[in-house]
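Thanks for coming. I have one structure to walk through today, and I will go from the salt bridges to a surface patch and then to a single serine.

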Amino acid sequence: MTEPSTTRADADPTPASTPSTARRGPVVAALMLAMGLAALDGTIVSTAVPQIVGDLGGLSVFSWLFSGYLLAVTVTLPVYGKLSDTFGRKPVLIAGTVLFLVGSVLCSAAWNMASLIAFRVVQGLGGGALQGTVQTLAADLYPLKERPRIQAKLSSVWATSSIAGPALGGLLAGYADWRWIFLINLPVGLLALWLLARHLREPARTEPRSRVRIDWAGALAIFATGAVLVTALVQGGVAWPWLSAPSLGLLGAAAALAALTVAIERRAAEPIIPGWVWRRRTIAAVNLSLGALGLLMVAPTVFLPTYAQSVLGLGPIAAGFVLSSWTLSWPITAALSNRVYTRIGFRLTAILGISLALLLLLAFPFLPFPGEPWQPALLMLLLGGSLGLFQLPLIVGVQSTVPYEERGTTTASVLFCRQVGQSVGAALFGAIANGVLASRLGTDTDLDQLARSLAATDETRRAVDAAVDWVYLGAAGAAALALLALLTLAPRRFPVLKEED
């Protein structure tokens with residue numbers, strides 16, 4: 001018997017435990033629009049950075065346009081997950097979308113870089129609800145055998161955004177005004193809100209809301225821990241050296257706050273991050289595996305464009321196409337993954353995907369120098385396909401092991417670990433790349449400075465090539481960690497709950 005048919009009779013949800021699917025099409029459209037807001041955000045803003053800095057100044061702190069947003073999304077994911085289990089998905093998603101749109105309007109009215117960064121944080125506070133609640137609702141709307149369909153649609157939103165975002169951002173910044181990159185969110189978000197309000201119907205809660213207790217102390221502790229940790233990872237090696245007093249102080253403070261958070265959550269009646277998230281082997285294994293996925297994703301998304309421009313001599317647009325090749329194969333294999341995991345199970349499908357990814361990441365350093373653009377593009381195409389087989393079965397599988405009232409918390413914990421992995425990866429691989437460059441060139445020049453200077457000497461190109469090779473080896477190490485977590489922690493068969501179609 002394969003995993004999707006495994007049942008646990010004591011946790012069999014009734015048909016009323018999931019949202020009404022009578023008008024599923026409009027709700028799916030709303031979810032794709034809401035996810036599109038989050039997916040477009042990073043790519044469309046990054047293209048307009050020169051115009052924003054030219055208008056508002058603040059070149060030394062512009063990286064916080066992205067770091068501040070990432071910080072807010074990361075630390076609010078577990079909070080929104082718990083709230084969606086407590087009050088329902090609909091009010092949380094609507095509130096998050098409204099907050100994101102308010103932040104967008106404020107960003108368009110920013111008068112200096114400090115105000116724009118602050119308003120980006122407001123956007124991120126809404127973005128946490130968009131990412132986590134959309135994924136949870138996708139699992140609510142579809143039975144197990146159909147979930148790859150909606151997940152593939154959501155993956156296609158990210159794929160489309162990775163291609164359309166830079167082009168749209170460049171057009172708006174070049175021919176209109178950079179403020180329109182935020183205002184364009186309004187019609188998309190308002191349409192999503194209208195569809196959600198009109199068509200999404202959730203089951204009535206059995207527990208009176210007056211008896212619901214919210215762990216505000218835990219939410220504040222999680223926010224403080226995440227804020228300090230992400231600040232240390234983002235600024236370390238950039239604003240100050242890694243072994244300096246600010247870095248060590250922030251990392252120490254993050255450790256102390258993490259211990260305080262654990263103590264608060266253990267005492268809370270309704271903790272934001274309940275202990276069962278880590279006590280259950282399946283969820284713990286998926287959390288660690290997708291944390292490693294976030295780590296390895298940094299290698300191509302952050303470093304491959306610089307490699308394509310500095311080593312292969314491509315322009316920014318062509319370099320973007322080399323990177324975007326993995327976004328084409330990822331949703332395709334994700335959509336087809338149900339044909340694999342219904343035969344061999346969630347765990348073995350994910351092991352197959354991450355094993356292929358490990359081999360592909362190890363193959364990158366063997367590319368010839370300088371090589372042809374199709375060579376890394378082909379590797380990325382295959383890498384996206386392997387990661388589609390890895391990520392989606394884990395998300396679908398872990399969502400299928402918990403009942404409706406725990407699905408929001410479970411989904412948020414998985415996404416939270418992936419976001420933390422990305423933050424750690426950006427800091428770790430940045431330090432690796434800069435260390436290799438320093439040893440090769442004998443200077444303190446980092447990869448970002450080389451990319452901006454567009455230096456094209458043979459020595460520089462070889463140094464960048466070596467730095468990115470080491471980054472990909474580090475990403476292969478992250479893939480090995482994910483594989484180890486699945487082999488040692490994940491049960492041979494996920495304890496999937498019986499459900500009503």
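Start with two charged residues, Asp-85 and Arg-89: both are buried. They form a salt bridge with each other, and the closest N and O atoms are 2.8 Å apart. Before I go on, please keep in mind that this is a predicted model.

Asp-85 sits in helix H3, which covers residues 64-87. Its relative accessibility is 12%, and it counts as buried because the limit is under 20%. The side chain of Asp-85 also makes a polar contact, at 2.7 Å, with the side chain of Thr-409.

Which residues are linked with Asp-85 and Arg-89 in a network of salt bridges? The other members are Asp-140 and Arg-407. Those two side chains meet in a salt bridge of their own, at 2.5 Å from N to O. Arg-407 belongs to helix H17, residues 404-441, and Asp-140 to helix H5, residues 113-141, so this pair ties together parts of the chain that are 267 residues apart in sequence. Like the first pair I named, Arg-407 and Asp-140 are buried.

Next to Arg-407 in the numbering is Glu-406, and its side chain meets that of Arg-280 in a salt bridge, 2.9 Å from N to O. This is again a link between distant parts of the chain: Glu-406 is in helix H17, while Arg-280 is in the loop between helix H11 (276-279) and helix H12 (281-310), and the two are 126 residues apart. Are the two partners buried or partly exposed? Glu-406 has 18% relative accessibility and so counts as buried. Arg-280, with a relative accessible area of 29%, is partly exposed. In total the structure holds six salt bridges; I am showing some of them.

Now the overall picture. The protein has 19 helices and zero strands. Of its 501 residues, 54% count as buried. Take the contacts between residues at least 6 apart in sequence: 85% of them join residues at least 24 apart. The accessible surface comes to about 20,800 Å², and carbon and sulfur atoms account for 66% of that.

That brings me to a patch on the surface. Ile-344, Leu-348, Leu-352, Leu-356, Leu-359, Leu-362, Trp-470 and Leu-473 form a nonpolar patch, with about 700 Å² of accessible area together. Which elements give two or more residues to the nonpolar patch? They are helix H15 (346-363) and helix H19 (458-488). H15 supplies the largest share, five residues. On the H19 side, one of the patch residues is Leu-473. Its relative accessibility is 32%, so Leu-473 counts as partly exposed.

Let me stay with H15. The helix has 18 residues and reaches 26 Å from its first C-alpha to its last, close to the 26 Å expected at 1.5 Å a residue. Besides its patch residues, H15 has a buried set, including Phe-346, Arg-347, Ile-351, Ile-354, Leu-358 and Leu-361. As background, an α-helix has 3.6 residues a turn, so residues three or four places apart point the same way. If you look at the numbering of the patch residues, you will find Leu-348, Leu-352, Leu-356, Leu-359 and Leu-362 among them. What covers the buried residues of H15? The cover includes H12, helix H14 (338-344), helix H16 (374-399) and H19. H19 therefore appears twice in this account, once as cover for H15 and once as a contributor to the patch.

Last, the serine. Ser-329 is in helix H13, residues 316-336. With 10% relative accessibility, Ser-329 counts as buried. What does it touch, leaving out residues up to four places away in sequence? Its contacts are Met-380, Leu-381, Gly-384 and Gly-385. The side chain of Ser-329 has a polar atom 2.5 Å from the backbone oxygen of Leu-381. A polar atom of the Ser-329 side chain also lies 3.5 Å from the backbone oxygen of Trp-326. Further along the chain, Leu-387 is 58 residues away from Ser-329 in sequence, and their C-alpha atoms are separated by 9.1 Å.

That is what I have on the salt bridges, the patch and the serine. I will take comments now.

Technical notes: Residues numbered from 1 in each chain as written. Predicted model: local features only at pLDDT ≥ 70, side-chain atom pairs only at ≥ 80, totals over all residues. Heavy atoms only, no water. Helix = DSSP H or I, 4+ residues; strand = E, 2+ residues; numbered from the N terminus. Buried < 20%, exposed > 50% of the residue type's maximum accessible area, 1.4 Å probe, protein only. Contact = heavy atoms within 4.5 Å. Polar contact = N/O pair within 3.5 Å; in protein donor to acceptor, adjacent residues only side chain to side chain. Patch = residues over 30% accessible without salt bridge, like charges linked within 9 Å, V, L, I, M, F, W, Y side chains within 5 Å. Areas by Shrake-Rupley, 256 points an atom, 1.4 Å probe, with all protein chains shown as cover. Salt bridge = Lys/Arg side-chain N within 4 Å of Asp/Glu carboxyl O. Expected span 1.5 Å × (residues − 1).
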